Structure formats: C-alpha cells, structure tokens
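The exercises below ask you to work through one structure with its sequence and coordinates at hand. Try each task before you read the solution that follows.

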Amino acid sequence: MSEVNTFPAGFMWGGAVAANQCEGAEDRGLCVSDMAPHGVRGPYVDQQVPDEYYPHQVAVDCYHRYLDDMDLMAKMGMNCFRISIAWSRIFPRGDEEEPSEKGLAFYDRLFDRMLEHGIQPIVTLSHYETPLYLVDHYGGWRNRRMIGFFLNYCQAVFKRYHNKVKYWLSFNEMNNLLDYYFVAGGFRIAEGENEAEAMYQAAHYMFVASARAMALLRSIDPTCKYGCMVNSSTLYPATCNPEDVFGAYCGRRRKYFFMDVQVNGRYPTYIYRIWRENNVHLETRPEDFEALAANTVDFISFSYYRSNTYEHGKQTGSDTGGFISEPNPYLERTAFGWQIDPLGLRYVCNEITDLFHKPLLIAENGMGTYDVMNDDGTIDDSYRIDFLKRHLLAIYEAIQDGCDIMGYTYWGPFDIVSAGTAQMSKRYGFVYVDRDDEGHGTLERRKKKSFDYYRDVIATNGAVL
Ligand code: BGP
C-alpha cells in the first residue's frame, strides 16, 4: 500500500443526502419536492397535488431507519455526514411562530447517533424543501416576508443544535433556481411575467436571508461555520471558436455569481448588464446590502457530477436535470447521459480556488445509474468504484495543486429517490435499498461491492486509491 495518495490529516470523509429524498413525509408538511412528477425525466415541474402515491411520501423511510443507516455509514468509517433538515418538519406550514417539538426531537436523535459514531453532522438548511404552504400562500421566495419565516426556522434549529452541528449550509444549489425555480427557489412564475426579474428578485431575498441567518448563527455560536452551496458541474467550449470559449466562460460565471455574492458580500459588476438587458428591477433596501457585506461565508461547498459542453448558437440548457449538452467526444456517459469527467472536478476545484480563495467542501459527487442484483443477492457495481476512484484521485491532485479542500461527501451513499427524475431506479448508493419506481419493495438495505471500497479508502485516508 503506498502512501502516495494520502489525504491531509483531518480530511472529512462522508456522504450526503437530503431529507425529502430519504426520510418520507410522515409528520411533516408538504414541500416543493413532493410535487415533482415521478417517472418523468426532465425539468422539475410543479404539479398541483401529489398523486395518491408519490415517491417522496415514503422515500426510503429514513424517518424510521435513519439510526440504522447511520450505523451502516459508521461501518464505512465516515467521519462526517451531510443531511438536510426538512424545514416543513419543524414548521409544517412555514409561517407558524413555534417549532414542532416532535420534529426537533427527531433530529436530536439523529445527531446524537451520528456523534456517538464520531460522525460530524453537516446540515443544509433548505435542500429543495421550501414548505409548499409558503409558496401557495405567500408566493414563496418572491416575497420579502420569506426572510422572516426563514430566520424564524433558522433560529429554532441553530438554538437547538448548535452544540451538535458545527457546519451549516444555506440553500442547496441555489444557482439552480435560474433553471428549476419552483424546486430550487420555491416560487412560481405566471405566463407573461418577466422571468429573469422574478428569479433575481427571489435570489436577492435568499441572499439576504442567508446572510442574516449567518449573522444569527454567529450570535448564537461563533464556533460554528457557515457555507454556501452551488452546483458547479462545469461547462467547456465545444471548440476554440472564441464564441464557444466566451459562451462557456459566461455559463460558468452564471454559476459562480452565486458564490461571488456570498463570498464577497456584494453583487459583481457583470450582473448589472444582465439585469439591464433583461429589464430586471429589484426591490431592495439599503440594509440588505449591509447584511450581505457584513456576513460572508466561511467556506464554499459545491456539487460536481459532470461537465457539459457549450456550442455557440445551440441550446445547451442546464446541467442537472433533463437537458443534455453538446456531446463531448472525449468522455463517456452514464446510463442517464451524464458525462463522466474526473479531470473536470480538478478543474473546478482550481477555478473556484483561484476566484475565491476559500476552503472547499465537495458536498456532492457520485454516480447515479441502474444497478442489478445478482441471483445470489450481491451487487457488483465496479463501475461506481471506478467512478469514485477517478474522482478522488482528481481531488488528490487538486490538493497537490494547492486547493484547500476540507472534505468530500459522496452523494446518496445509500439509495434514495432521485431529485431530477423522482425515481428509485437511478441509484447512487454503496448500499442498495429494496424499493422500485412504483414504491414496491421491502426497503431492506444491502451492501454493494463499492461499500468495502469506500471503507478502505477512508480507513487509509486515501492511500489505497
Ligand atoms: C443535485 C441535488 C441532489 C441530487 C443530485 C443528483 O442536483 O442537490 O438533491 O439528487 O443532484 O441528482 P439526481 O437525483 O437527479 O440524479
């Protein structure tokens, strides 16, 4: 075994999930993700009412099985784990004054179990989980009142958990609101409205809410750390045509905008042109800008799954759900069409470091694909091991390049409902969960081959890569 690839001492090795994708909806209010139509591949859509059966209703039943799942994660040796708190479990409608004690007690038990195992919790405050009631009755994040509701929620969870949770993230993949505004931003846009204005207005309120939440956290417990979370699957030019190169650059900047505001505490200059050209006029107050300037994040977290390719004049679309970019002939794709690009991860780590000079947490990365169980009950996901190995090597290289990388939380270490397709059959796990797209199955957990591999990686702090 060589020591060549050993990661820095104290490197955080873990996994990541979101409440709505794993817990089930018992004892909580509906949230935006519950409205995702299942079995449909494509952009997240806003259904009126969930079907009788909807995938998030039970998900993989972590509401009843989380503690056992944490025991399994501990067996892999994880020293951290990223979850989200379901906002609608603490405030079912979102606008109540008092939190639900039952909801708070649930996460107490979970954090206690994690800490018993030496697993440091990392908590996302809102992972596509805006309470639906707030969308229906207040217009969601297009309404300034959301800042107050969010702060009330933050106050409840910060006060309750600050001794147990030292790492907090604000909004999951906030930049995705430019593509999937209903689920990532928690609001609707009526036909004929100025979409860009609606999106940037919501983003403004979310930035202010996040900054003020950070101030609140620091007043409650200055030892806690607060980070932003941005989808950073990257974008390459299809050719050296300057139009492709500049277009890809602008596409990446569109993502980094969401880091920029939260790291530097002000709007970057290029955004004013975008607003001018799209007729965007925001409702702002002077104290908003004071809050942004005074509360900048301690670290940057991001998701990275793949790279996309931009060709001038062709619609590339987004990089999370249904749109596929121009094919990159140098890369293979998963069964779901996502281009596998480990070097892209090294590229992203370096680019974000150059731009923002902050510690980085790779909060999501993983391979979502179909897994087949053999007759003897084993699941040989060697392709996932290969994916993981190549991405971890890329992180190792990025660390050698000088990037300050705090940790890596693999997405969906046990199978959960997919965010983009609302299906179970798009699986990421090292642990198989017996449940299908129609909601059948025993929910039994079963290790895949990759389980032992990740365990060995963690046990050797990366030396076995
Ligand atoms: C990110 C989301 C996650 C997650 C992941 C994988 O965009 O933050 O919630 O699910 O992508 O995507 P999917 O589930 O669509 O494969």
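What sign does phi take at Gly 402, just after H13? Gly 402 takes a positive phi of about 110 degrees. Before going on, note that the model is predicted, so that local features need pLDDT of at least 70 and side-chain atom pairs count only at pLDDT 80 or more, while totals for chains, interfaces and linings use all residues. Residues are numbered from 1 along each chain as its sequence is written.

**Exercise 1. Check the length of H13 and describe its surroundings.**

Step 1. Helices here are DSSP runs of type H or I with at least four residues, strands (E) are runs of at least two, and both are numbered from the N terminus. H13 has 19 residues, and at 1.5 Å a residue these should span 27 Å, the expected span being 1.5 Å times one less than the number of residues. The end C-alpha atoms of H13 are 27 Å apart, which agrees.

Step 2. Among the buried residues of H13 are Phe 387, Leu 388, His 391 and Ile 395, where a residue is buried if 20 or more other C-beta atoms lie within 10 Å of its own, exposed if 12 or fewer and partly exposed in between, with C-beta atoms placed from the backbone.

Step 3. The cover over these buried residues includes H12, strand E9 (360-364), strand E10 (405-411) and helix H14 (449-459).

**Exercise 2. Characterise how H13 packs against H12 and against H14.**

Step 1. The axes of H12 (residues 342-356) and H13 (residues 382-400) come within 8 Å and cross at roughly 30 degrees; axes are lines fitted to C-alpha atoms, for helices over the stretch in contact, and angles run from 0 to 180 degrees between N-to-C directions. The two helices are therefore roughly parallel to each other, a term for angles under 35 degrees, whereas those over 145 count as roughly antiparallel, 65 to 115 as roughly perpendicular and the rest as oblique.

Step 2. The contact (C-beta atoms, placed from the backbone, within 7 Å) involves residues including Leu 345 and Cys 349 of H12 and Ala 394 and Ile 395 of H13. The residues of this contact divide into eight nonpolar, two polar and three charged; Ala, Val, Leu, Ile, Met, Phe, Trp, Tyr, Cys and Pro count as nonpolar, Asp, Glu, Lys and Arg as charged, and the others, Gly among them, as polar.

Step 3. For H13 and H14, the axes come within 8 Å and cross at roughly 25 degrees, which makes H13 roughly parallel to H14. Ser 382, Arg 384, Ile 385, Leu 388 and Leu 392 in H13 meet Lys 449, Ser 450, Tyr 453, Tyr 454 and Val 457 in H14, and this contact divides into six nonpolar, two polar and two charged residues.

**Exercise 3. Where does Tyr 128 lie, and is it buried or exposed?**

Step 1. Tyr 128 sits in the loop between strand E3 (120-126) and helix H5 (132-138), and has a positive phi of about 60 degrees although it is not a glycine.

Step 2. Tyr 128 is buried, with 26 other C-beta atoms within 10 Å.

**Exercise 4. Locate Tyr 304 and list what it touches.**

Step 1. Tyr 304 lies in the loop between strand E7 (299-303) and strand E8 (307-310), and with 27 C-beta neighbours inside 10 Å it counts as buried.

Step 2. Leaving out residues up to four places away in sequence, Tyr 304 touches Ser 232, Ser 233, Leu 345, Val 348, Ile 362 and Asn 365.

Note on methods:
Contact = placed C-beta atoms within 7 Å.
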